[in-house]
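Q: Could we go through the surface charge and the backbone of this one together?

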Amino acid sequence: MGLVKDNTERILRQLPPGVQLVIAGKGRSVSELLEAIDGGAKIIGENYVRDAEVAHKEIGKKVQWHFIGHLQKNKVKKTVKIFDMIETVDSVDLAQEINKRCAAADKTIPILLEVNSAREPGKTGVMPDNVIAFAVEISCLPYIKLAGLMTMGALSDDIETTRHYFNVTRQLFEKLKQLRLSNSDIKYLSMGMSDSYQIALEEGANIVRIGTAIFGKIKSEV
Ligand SMILES: *Cc1c(COP(=O)(O)O)cnc(C)c1O
């Protein structure tokens with residue numbers, strides 16, 4: 001008892017000023033999420049719209065909600081209703097759909113581009129070479145505000161490999177800032193999970209997304 005709260009407080013203490021913690025809510029109950037909120041968590045990251053709707057009904061606007069999963073176009077309307085940020089935009093099609101739904105709801109939503117920094121085939125995210133062109137292309141969409149980049153990094157246990165792909169993403173982030181595109185305000189770099197957030201912080205992350213280190217292993221995975 002109290003472990004989730006303790007873990008949240010401990011991790012928040014470790015984060016440098018200006019770094020935001022997103023607690024990864026997938027597979028967690030509303031009471032677990034509330035315990036993390038009790039420990040100081042202010043942002044919940046959800047991978048599935050349906051889970052988010054359930055949790056959002058109970059928890060509401062006392063926290064911010066970030067979408068961190070793979071977003072399907074047919075879920076965009078519900079997504080823009082609940083979420084404060086979408087971290088995983090990785091196609092122009094999807095960006096246009098978000099723009100359209102936000103226009104209808106008369107709301108602007110901040111988004112991050114998801115980068116497939118390790119160029120892993122079959123993984124989501126924009127390839128590093130295409131990030132700048134992608135950002136330019138969506139900068140004409142007035143109801144989305146490009147706010148930065150997100151990456152999952154590499155599927156690797158090797159620290160230097162992990163660091164390398166975070167660094168690749170950081171460099172794109174700096175480049176993007178300098179472009180000063182319209183409908184953009186580049187300030188967030190979301191990278192690092194339970195096993196990698198220390199490295200991500202060293203490489204300039206200012207959003208970390210953490211599940212296991214706060215809640216323990218998901219029960220079905222134990
Ligand atoms: C699950 C998840 C996390 C958190 O992963 P942990 O290893 O449990 O900390 C972060 N980001 C995304 C996109 C996730 O799906």
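What follows is a short chat about a charged patch and some backbone angles.

Q: Before we start, what kind of model is this?
A: This is a predicted model, in which local features need pLDDT of at least 70 and side-chain atom pairs count only at pLDDT 80 or more, while totals for chains, interfaces and linings use all residues. Residues are numbered from 1 along each chain as its sequence is written, and side-chain values use heavy atoms, with hydrogens and water left out.

Q: Which residues gather in the patch of positive charge?
A: Arg 50, Lys 75, Lys 77, Lys 78 and Lys 81 gather there on the surface; a patch takes residues with over 30% relative accessible area and no salt bridge (a side-chain nitrogen of Lys or Arg within 4 Å of a carboxyl oxygen of Asp or Glu), and like charges are joined within 9 Å.

Q: And which helix gives the most to it?
A: Helix 4, residues 76–82, gives the most, with three residues, whereas Arg 50 has its place in helix 3, residues 49–59; helices here are DSSP runs of H or I with at least four residues, and strands are E runs of at least two.

Q: Is Arg 50 buried or exposed?
A: Arg 50 is exposed, because its relative accessible area is 67% and exposed means over 50%, buried under 20% and partly exposed in between, with a 1.4 Å probe and protein chains only.

Q: Switching to the backbone, what is the phi of Asp 106?
A: Asp 106 has a positive phi of about 50 degrees although it is not a glycine, and its place is in the loop between helix 5 (92–105) and strand 5 (109–115).

How values were computed
Patch = residues over 30% accessible without salt bridge, like charges linked within 9 Å, V, L, I, M, F, W, Y side chains within 5 Å. Areas by Shrake-Rupley, 256 points an atom, 1.4 Å probe, with all protein chains shown as cover. Lys, Arg positive; Asp, Glu negative; His and termini not counted. Charge placed at Lys NZ, Arg CZ, Asp CG, Glu CD.
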